[in-house]
Amino acid sequence: MTATLWAVSDLHVTFPENQAIVDGLSPRHHGDWLIVAGDVAERIPDVVRTLRGLVARFDTVIWVPGNHELFNRRTDRFNGRSRYRVLVGQLRAIGVITPEDPFPVFGGVTVCPLFALYDYSFRPPGVSARQAVDRAVVKLDDEIAIAPYVDVVQWSAERVEYSERRLAAVTGPKILVNHWPLVVEPTRRLRAPDIALWCGTTATRDWAVKYNALLAIHGHLHIPAETRVDGISHIDVSLGYPFEQHPPHLRRPWPFPALELP
Ligand SMILES: [Fe+2]
């Protein structure tokens, strides 16, 4: 039986053009799985509605949160860490696999949904995180929609520890999935280098090698490119915003076939 593990990210379904593309996402074979690597939408009901549609079509759907799912508004009932817990609870209830669930196995390869967040450590040497954020010419909305509601640096440190414990407990080949890249190199393509501050943590740098990854899937940058680091591919599977353009040499197939079974 042929089956494919597909990977997508940054669906941003509040754009009607993107919603139409997501509506057209469907398996090619019975038994196809789908990774959704964060940034489905900002509102929890939109995230749940979108994933419910995908769960109905794909055999298995695996999700990790992006920064947009974690965006808070003062008027929301759940913010900060409780917002993440609510997302996990509602997505589990419709059958989605989250970073809080046992890692699923596709064709002998363990698929590891991770949520390592970011901690401003992708910054120039000799500068504190605070200084780097204050000096940044371009700042992500995270500073108004996440940072006031939760200590991101502390949360990221806890997530890194939790994820490492779980990764170390599994032997055999893996596919690592995280919204933010696990290594800094993909952020070098950013047109505004300051944005790297909100793009990951140096604490995950050796994970792909250390934990026997066949490849690492990420999104966030909206630059659908492949970056080889220490012989392992880190692939940005973003759909991104409708108005974004990318040179053809960077573009990967979308949805990205992360693994194909014969
Ligand atoms: Fe995004």
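The exercises below, each with a worked solution, concern a predicted model.

**Exercise 1. The iron site**

Find which protein atoms act as donors of the iron ion, and work out what kind of site they form.

Solution. Begin with the donors, which are Asp10 (OD), His12 (NE2), Asp39 (OD) and His222 (NE2), lying 2.0 to 2.3 Å from the iron ion. Next, read their spacing along the chain, which is D-x1-H-x26-D-x182-H. Asp10 lies in the loop between strand E1 (3-8) and helix H1 (16-23), while Asp39 lies in the loop between strand E2 (33-36) and helix H2 (44-57), so this pair ties together parts that are 29 residues apart in sequence. Then turn to the angles among the 4 donor atoms, which run from 84 to 173 degrees. Four donors count as tetrahedral if all angles lie between 85 and 135 degrees, and the site of the iron ion is irregular. Finally, check the accessibility of the two aspartates: Asp10 is buried, with a relative accessible area of 0%, and Asp39 also counts as buried, at 1%.

**Exercise 2. An aromatic cluster**

Describe how Trp155 pairs with Tyr84 and with Phe115.

Solution. A pair of aromatic rings is described by the distance of the centres and the angle of the planes. Tyr84 and Trp155 lie 6.1 Å apart, centre to centre, with 70 degrees between the planes, and this pair is edge-to-face. Tyr84 belongs to helix H3 (residues 81-93) and Trp155 to helix H6 (residues 152-168), so that the pair links parts of the chain 71 residues apart. For Phe115 and Trp155 the corresponding values are 5.2 Å and 85 degrees, and this pair is edge-to-face as well. Here Phe115 sits in the loop between strand E5 (109-113) and helix H4 (129-135), 40 residues from Trp155. Both Phe115 and Trp155 are buried. As a last step, place these rings in their cluster, in which ring pairs link Tyr84, Phe115, Tyr118, Tyr120, Trp155, Trp180 and Trp198.

**Exercise 3. The edges of a sheet**

Determine which strands form the edges of the open sheet of 6 strands.

Solution. First write down the order of the strands, E4-E5-E6-E7-E9-E8, and note that their pairing is mixed. The edge strands are then E4 (105-106) and E8 (226-229), each of which pairs on one side only. To look at one edge in detail, follow E8 to strand E9 (residues 232-236): 4 bridges join the two strands, which run antiparallel. Within this region, Arg228 stands opposite Ser233 in E9.

Notes. Residues are numbered from 1 along each chain as its sequence is written. This is a predicted model: local features need pLDDT of at least 70, side-chain atom pairs count only at pLDDT 80 or more; totals for chains, interfaces and linings use all residues. Side-chain values use heavy atoms; hydrogens and water are left out. Two strands pair if DSSP finds at least two bridges between them. Donors are N, O and S atoms within 2.8 Å of the metal (3.2 Å for Na, K and Ca); water is not among the atoms, so sites may look incomplete. Four donors count as tetrahedral if all angles lie between 85 and 135 degrees; four count as square planar and six as octahedral if opposite donors are over 155 degrees apart and all others between 65 and 115; anything else is irregular. Buried means under 20% relative accessible area, exposed over 50%, partly exposed in between (1.4 Å probe, protein chains only). Rings of Phe, Tyr and Trp (its six-membered ring) pair if their centres lie within 6.5 Å; planes under 30 degrees apart count as stacked, over 60 as edge-to-face and the rest as tilted.
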